[in-house]
Each structure stands twice: as structure tokens, then as C-alpha cells.
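Student: I am new to this structure and would like a close look at one part of it. Please take me through the enclosed and open spaces of the model, and through the elements around them, in one connected account.

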Amino acid sequence: MDIIHINPGDNVAVALRDISSGKTVTADGISVTAKEAVSRGHKIALKDIKKDDNIIKYGVPIAHATADIAAGSWVHTHNAATNLSEKSDYRYDHKSYKLPAPVKATFNGYLRKDGSVGIRNEIWVLPIVGCVNDVAKALVRENQDLVKGNVEGLYSFSHPFGCSQLGDDLENTKKILCALAKHPNAGAVLCVALGCENLTLDKFKEGLGDYDSDRIKFLVCQNETDEFAAGRKLLEELASYAGSFERTPLPADKLIIGMKCGGSDGLSGITANPTVGRFSDLLCASGGTTILTEVPEMFGAENILFSRCKDDEVFKKAVNMANNFKKYFTSHGQTVYENPSPGNKAGGITTLEDKSCGCIQKSGSAQIQDVLGYGSSVKKKGLNLLYGPGNDLVSATALTAAGAQLILFTTGRGTPFGAPAPTVKISSNTALSKKKSGWIDFNAGAVADGEITLDEAGRNLFDLVIKKASGEKTLSELHDFRDISIFKDGVVL
């Protein structure tokens with residue numbers, strides 16, 4: 001199969017492989033002859049499209065034609081443009097879909113004393129302020145002998161914040177760092193402060209709320225003659241505590257999985273993202289939890305996504321989330337539709353609607369149970385939406401802070417990064433999985449190749465998640481790729 005016709009109402013199809021000029025291709029009984037070369041992931045017109053008529057993909061308008069487009073022509077940014085503006089009409093037209101049968105599965109995880117569940121048992125060294133990043137790195141580097149027994153790793157997470165910040169920026173830094181300090185993948189945490197930063201230790205502890213003093217300890221560098229000796233002593237205590245935990249069989253409903261995409265191409269919304277959507281439906285049907293973020297990549301597809309809000313209250317929270325992010329754009333003098341990225345366009349994504357309709361495929365068909373603010377943690381099982389940008393590191397950090405033990409990251413072009421939570425890379429096309437075999441954990445391109453169905457791919461991904469949750473390392477973990485990034489909006493003092 002050379003092209004795929006996603007929805008019967010679409011007037012374009014997507015190339016599953018490079019199509020040469022003059023080649024005749026067929027989908028759903030519709031045949032067209034390519035008037036020019038069309039690259040994999042890009043769109044080809046199935047019928048004549050007049051100037052200003054809508055271009056239909058996924059069954060909805062994803063652009064309008066800026067010139068007459070003849071059947072067989074390549075459809076992209078040279079002859080199509082967005083329909084979006086800063087204002088949108090949101091309407092709650094509730095829709096509910098049947099989920100698949102629950103999956104009875106268990107994984108071997110770590111049950112924490114507060115009832116939360118981790119899939120790793122690591123020690124995290126967490127700088128409260130960027131000034132002590134190198135101290136945290138040195139503590140990790142010089143104390144690797146503590147990684148033994150049930151302690152699976154010792155890691156630090158650098159960032160530039162915690163001081164010279166005001167208002168919401170300082171609050172966001174506190175929220176994210178406090179949430180990471182309480183993340184169940186960390187069996188123990190050493191929080192490293194300088195001693196004179198805006199994010200004081202008192203403010204940080206206030207943000208933590210109740211915490212286990214055996215699990216979370218604090219090092220204030222300005223208070224110590226030798227911060228490395230003091231840090232070693234604290235890490236020894238934390239290693240003893242973390243080492244007391246053992247993996248135990250736990251039901252799949254204890255899993256909280258984040259869903260993210262980046263470096264997308266024209267096949268992302270056809271293979272990789274729907275595969276994650278099938279996984280999400282399986283996990284939600286089985287009592288587990290998934291989290292979808294990247295609010296700007298919902299723009300243009302909000303009514304499709306928000307129709308699955310479980311009730312009017314959740315719908316209003318979702319609309320508020322979208323409108324607040326639009327205000328963030330416009331307050332900085334930016335248009336809300338300044339997307340997709342150059343890499344997205346090169347991969348065949350033409351407009352933000354095109355990107356968003358593909359992006360939301362990761363959410364499957366489950367009902368949206370809740371909408372979370374930035375830095376907030378999951379409270380309700382099932383599908384959740386999370387306030388956050390599209391930026392890979394910022395949103396992956398937010399997913400981790402929200403409680404995701406593992407992140408599913410789909411990509412059509414590839415990226416090596418890893419979040420604090422194990423990050424499973426899912427390719428939209430087989431060529432990428434072969435070229436970057438050191439990055440890609442799962443190839444959803446097999447769907448485009450006709451080797452498996454989306455339902456089969458979703459179940460295969462479910463099985464892989466169980467393995468990763470039980471301790472099998474992701475490729476980004478094996479490469480020791482793990483970073484954080486915190487959302488920033490305001491001034492730096």
C-alpha cells in the first residue's frame with residue numbers, strides 16, 4: 001500500500017512511502033496519478049480542491065487551499081494554510097466510546113510507605129537552586145559505590161532556577177522540584193540547597209507538605225565546612241533506606257503513564273500516536289492512568305478532544321486550560337498557531353490543526369477524568385489532561401512531576417533525550433527505527449508496513465510497558481540520558 005485514506009470524508013491521502021511523479025496510487029477505491037513527487041508522510045490530493053476550500057484529513061478541516069489544487073498534487077505549506085485564529089468557539093458535545101476489555105496483568109514494582117508505586121528504586125540528588133548543580137553532580141559521581149543491592153541508580157537533575165525568580169516562576173520551580181522529590185521512582189532523595197536562594201529551605205519544605213524524613217534529607221552547602229563529606233554521610237543513610245525496598249508483584253492499575261510526542265512527521269498521527277492511544281485505552285479500561293499534555297498541540301482539535309470530558313465540570317476546566325495557554329501566547333505578542341516546527345513540516349505536517357489532530361490520537365477514546373495544572377499531581381484514575389507546553393523537556397518533566405512512572409514518547413524524526421522517568425521512544429516509521437536503533441524502543445512503523453494492526457501494536461506496547469515497569473531499562477536509561485526543564489515566563493532578577 002502506497003497511501004492511506006484515513007477517513008472516508010478526507011480529500012487527501014497520506015503517502016506511506018515516497019511516491020514518484022507519474023505513479024498511480026489507490027486507496028479505498030480512489031485512484032490518482034501523482035503530478036509531482038510526494039515524500040513519505042506528505043499529503044496527496046485525491047480530488048480537485050478549489051482555492052479557499054477546506055483540506056480534510058482525519059475527517060475534519062486541517063487547512064484551507066491557498067490556490068487551486070488538482071487531484072494528484074502534493075498538498076503542503078506552498079498551497080495550504082491554517083484556519084486558526086486566537087479565538088475559538090468551544091462547545092460541549094459529549095461523546096462516549098466503548099473501551100476494550102480489561103487486561104489482567106501485573107508488573108514487579110516498588111510499593112512505597114505512602115501507598116504510591118515506583119517502577120525504579122533510585123536515589124535522586126535534587127538541586128533546590130542552580131548554583132549547586134555542580135555540587136550535586138560531584139556527589140553523584142563520587143558516591144557510585146552506593147549503587148548496589150536494590151539501589152538501582154544515583155542521579156542528579158540540573159536546572160538554572162530557584163533564585164532570581166519572582167511570582168509564578170518561583171512557584172512553578174518549587175512545585176516541580178517538590179513533586180520530583182516525592183516521586184515514587186526515587187527510593188530516597190537528597191535535596192541540595194545553597195543557603196541564600198529565593199527558594200528558601202522553609203519555602204521548599206512548605207511545598208513538600210508531609211514527607212518521610214528517612215526518605216528525603218537536606219544538605220545546605222553554606223552551613224557545611226565540607227559539603228561533600230556531609231553529603232556522603234546523608235547519602236549513606238539514604239542508600240540504607242532505599243535498599244530496604246524490594247520489587248513485588250503489583251496490578252497494572254497502579255501504573256501512571258505519561259504520553260508525549262516530538263520530532264513528529266506525517267505518519268505520527270497514523271501509526272505511533274494511535275498505537276499509544278490503543279495502549280491508553282487498554283490501561284484505562286484496566287483501571288490504570290494516563291496523562292496527555294502539550295496544550296498548544298491540542299489547538300485546532302480541542303472540540304474533538306474535549307467532547308470526551310466526562311462531565312461539564314471537566315469540560316470547563318479543559319476550556320480554561322486552553323484559553324489560559326492562548327493568553328500566554330498573546331501576552332507575549334505571539335500567534336497561537338506558530339506551529340508546526342521546521343522538522344514537522346519537513347516530515348509532512350502542514351498546519352497546527354494537522355499536527356493537533358495527529359497529536360490527540362495518543363489519548364485514544366477514553367473519557368477525560370480530570371484536568372491538571374502545571375506542577376500538580378494525578379488525583380483521579382483514567383485519562384487526565386495536564387497543562388504544559390509542547391517543548392519536549394519541559395512537558396516530559398511536567399509529566400514526571402504529575403506522577404508518571406514512565407513516559408511514552410512518539411517520534412517520526414527521532415530524539416535521544418530522556419526524562420527523570422524512564423522514557424520509551426516509539427518510532428512512526430520503520431526507517432527511523434532502523435537508522436536510530438540506539439534511540440528507538442518500539443517501532444510503530446510496522447503498522448504502515450502492513451505487518452500488524454493498530455490494535456495489535458497497542459497490545460504489543462502494553463506488554464512492553466509491563467516489562468519496562470518491571471525493571472527492563474529503556475534505551476535512554478542505558479545511555480544515561482535524563483534531564484529536567486522547568487517552565488519559565490517572567491523576569492530574571
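**Spaces and their surroundings**

Tutor: Leu111 has Val117 of strand E11 as its bridge partner, and this pair offers a place to begin in what is a predicted model. Strand E10, residues 106-111, runs antiparallel to E11 and is joined to E11 by two bridges. The two strands belong to an open sheet of three strands, paired in antiparallel fashion in the order E11-E10-E16. At the edges of this sheet are E11, residues 117-118, and E16, residues 248-251, each of which pairs on one side only.

From the sheet we may turn to the open spaces. The largest pocket has a volume of about 880 Å³. Its lining is made up of 35 residues, and those closest to the centre are Tyr58, Arg278, Cys357, Gln361 and Gly364. Helix H5 (272-285), helix H6 (302-306) and helix H12 (445-448) are the elements that give two or more residues to this lining. The greatest contribution comes from H5, with four residues. Sorted by class, the lining of the largest pocket holds 17 nonpolar, 12 polar and six charged residues.

The second largest pocket has a volume of about 660 Å³. Of the 28 residues that line this pocket, Ser116, Ser377, Val378, Ala402 and Gly403 lie nearest its centre. At least two lining residues come from each of helix H2 (167-181) and helix H3 (201-208). H2 gives the most to this lining, with three residues. The lining of the second largest pocket divides by class into 10 nonpolar, 10 polar and eight charged residues.

Enclosed spaces come next. Searching the whole structure gives two cavities of 30 Å³ or more. The largest of them has a volume of about 70 Å³. Fifteen residues line this cavity, and Asp265, Gly269, Ile349, Lys355 and Gly358 are the closest to its centre. By class, four of the lining residues are nonpolar, six are polar and five are charged.

Which helix gives the most to the lining of the largest cavity? The answer is H9, residues 352-359, which supplies four residues. This helix deserves a closer look. A residue counts as buried when its relative accessible area is under 20%. Eight of the eight residues of H9 are buried, and therefore H9 is largely enclosed by the rest of the structure. Among these buried residues are Lys355 and Gly358, both named above as close to the centre of the largest cavity. Cys357 is also buried in H9, and Cys357 is one of the residues closest to the centre of the largest pocket. The helix thus links the account of the cavity with that of the pocket: H9 lines the former, while Cys357 belongs to the lining of the latter.

Beyond H9 lies a loop that leads to strand E19 (368-372), and Ser363 is found in this loop. Ser363 counts as buried because its relative accessibility is 0%. A polar atom of the Ser363 side chain lies 2.6 Å from the backbone oxygen of Ile360. Leaving aside residues up to four places away in sequence, Ser363 touches Met259, Gly277, Ser280, Asp281, Leu292, Leu305, Arg308 and Leu383.

Leu385, in strand E20 (residues 382-386), makes a useful companion to Ser363. Leu385 also has 0% relative accessibility and so counts as buried. With residues up to four places away in sequence not counted, Leu385 touches Leu292, Met298, Leu305, Phe306, Ala318, Met321, Ile368, Asp370, Val371 and Leu372. Leu292 and Leu305 appear in the contacts of both Ser363 and Leu385. Asp483 is 98 residues from Leu385 along the chain, and the C-alpha atoms of the two residues are separated by 22 Å.

The remaining space is the second largest cavity, with a volume of about 30 Å³. The residues that line this cavity are Thr415, Pro416, Lys425, Gly438, Trp439, Leu475, Ser476, His479 and Phe481. By class they comprise four nonpolar, four polar and one charged.

Methods. Residues are numbered from 1 along each chain as its sequence is written. This is a predicted model: local features need pLDDT of at least 70, side-chain atom pairs count only at pLDDT 80 or more; totals for chains, interfaces and linings use all residues. Side-chain values use heavy atoms; hydrogens and water are left out. Two strands pair if DSSP finds at least two bridges between them. On a 1 Å grid over the protein atoms alone, a cavity is a set of points where a 1.4 Å probe fits but cannot get out, and a pocket is an open set with protein on both sides within 12 Å along at least five of seven lines; lining residues have an atom within 4 Å of a point. Grid points are joined across faces, edges and corners, and a volume is the space filled by probe spheres set on the points. Ala, Val, Leu, Ile, Met, Phe, Trp, Tyr, Cys and Pro count as nonpolar, Asp, Glu, Lys and Arg as charged, and the others, Gly among them, as polar. Buried means under 20% relative accessible area, exposed over 50%, partly exposed in between (1.4 Å probe, protein chains only). A polar contact is a pair of N or O atoms within 3.5 Å; within protein, one must be able to donate a hydrogen and the other to accept it, and residues adjacent in sequence count only if both atoms are side-chain atoms. Contact means heavy atoms within 4.5 Å.
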